[in-house]
Amino acid sequence: MIRVLLVDDQSMVRTGFRTILESEDGITVVGEAENGQVAIDRALDLAPDVICMDVQMPVMDGLEATAEIVRRGAAGAVLMLTTFDRDDFLFQALAAGASGFLLKTAEAEQLIEAVTALAGGDGLLSPEVTRRVIERSVRSPETTTATAPALELLTDRELEVLHLVAAGLSNAEIAGTLFVGEATVKTHVSNLLTKLDIRDRIHVVIFAYENGIVEK
């Protein structure tokens, strides 16, 4: 059962999200919060698998709350939800540690798919958004090298998987490319996330471009 925490300052929005998510077998909403400050406490208390987090809220916004939730090591991958398709929200959300970014205008099925993906350890961005993330990395004159030595911890196969993840391949596609089982790929992905101290696949892509693993 996927446990979800809903964070939004509008009760009607939370009710709508609850209705959508709980219509799907295997998903349950374990709590709600009306602002980021409450969300931090609920995340620590309830240990949800996924936190659906609004960006703009009173008291504490979703960006600040996400950063604090990640800093405290609370359970739950954060899916940022916003009405506004703005690059500043996107990049701030990723910097804060969010694992996915979805517009509130998305279809109900897309919300369910996003929650399921994050619960399974995958990050989620639309192809268009992923392209913007990559373009931002390409335009940046600087690269991040502080964590690059961690690459030496990877095995040859894990490094190979890193390249394929950065290229946007799914676990199933990587399994087909390497002629191994999907469970084996999941193990490799989990190992490289741990060794690189990266939260999810989205940040693997960012890491790969910032460190020159994938050509810009």
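A salt bridge is a side-chain nitrogen of Lys or Arg within 4 Å of a carboxyl oxygen of Asp or Glu. The views below are taken from a predicted model.

**View 1. The salt bridge between E22 and R18 in helix α1.** The closest N and O atoms of E22 and R18 are 3.5 Å apart, so the pair falls within the 4 Å limit. The two residues are 4 residues apart in helix α1, which means that about one helical turn separates them. E22 is partly exposed, with a relative accessibility of 37%, and R18 is also partly exposed, at 26%. The pair belongs to a network of salt bridges that links R14, R18, E22 and E32. A search of the whole structure finds 9 salt bridges.

**View 2. The salt bridge between D8 and K104.** Here the closest N and O atoms are 2.8 Å apart. The pair links distant parts of the chain, with the two positions 96 residues apart in numbering. D8 lies in the loop between β1 (2-7) and α1 (11-22), while K104 lies in the loop between β5 (100-103) and α5 (108-119). D8 has a relative accessible area of 1% and is therefore buried. K104, at 23% relative accessibility, counts as partly exposed.

**View 3. D54 and its surroundings.** D54 lies in strand β3, which covers residues 50-54. Is D54 buried or exposed? Its relative accessible area is 5%, so D54 is buried, since buried means under 20%. Leaving aside neighbours within four places in sequence, D54 is in contact with V7, D8, D9, G62, M80, L81, T82 and K104. Two of these residues, D8 and K104, form the salt bridge of View 2. In an unreviewed UniProt entry, the annotation "modified residue: 4-aspartylphosphate" covers D54.

**View 4. The salt bridge between R72 and E68.** The closest N and O atoms of this pair are 2.8 Å apart. R72 is partly exposed, with a relative accessible area of 42%. E68 has a relative accessible area of 18% and is buried, because the cut-off for buried is under 20%.

**View 5. Helix α4 and the residue G97.** Helix α4 runs over residues 87-96. Which residues of helix α4 are buried? They are F89, L90, F91, A93, L94 and A96. Just after α4, G97 takes a positive phi of about 115 degrees.

**View 6. The packing of helix α7 against helix α9.** Two packed helices are described by the angle between their axes and the distance between those axes. Helix α7 (residues 156-166) and helix α9 (residues 182-196) pack at an angle of about 95 degrees, and their axes are 9 Å apart. This angle makes α7 roughly perpendicular to α9. On the α7 side, the contact is made by R157, E158, V161, L162 and V165. On the α9 side, H188, V189, N191, L192, K195 and L196 take part.

**View 7. The chain as background to the close-ups.** The chain has 10 helices and 5 strands. Of its 216 residues, 46% are buried. Among contacts between residues at least 6 apart in sequence, 66% join residues at least 24 apart. The accessible surface of the chain comes to about 10600 Å², and carbon and sulfur atoms account for 51% of that surface.

Conventions. Residues numbered from 1 in each chain as written. Predicted model: local features only at pLDDT ≥ 70, side-chain atom pairs only at ≥ 80, totals over all residues. Heavy atoms only, no water. Buried < 20%, exposed > 50% of the residue type's maximum accessible area, 1.4 Å probe, protein only. UniProt positions renumbered as here; feature names shortened; annotations may be inferred. Contact = heavy atoms within 4.5 Å. Areas by Shrake-Rupley, 256 points an atom, 1.4 Å probe, with all protein chains shown as cover. Axes fitted to C-alpha atoms, helices over the stretch in contact; angles between N-to-C directions. Parallel < 35°, antiparallel > 145°, perpendicular 65-115°, else oblique.
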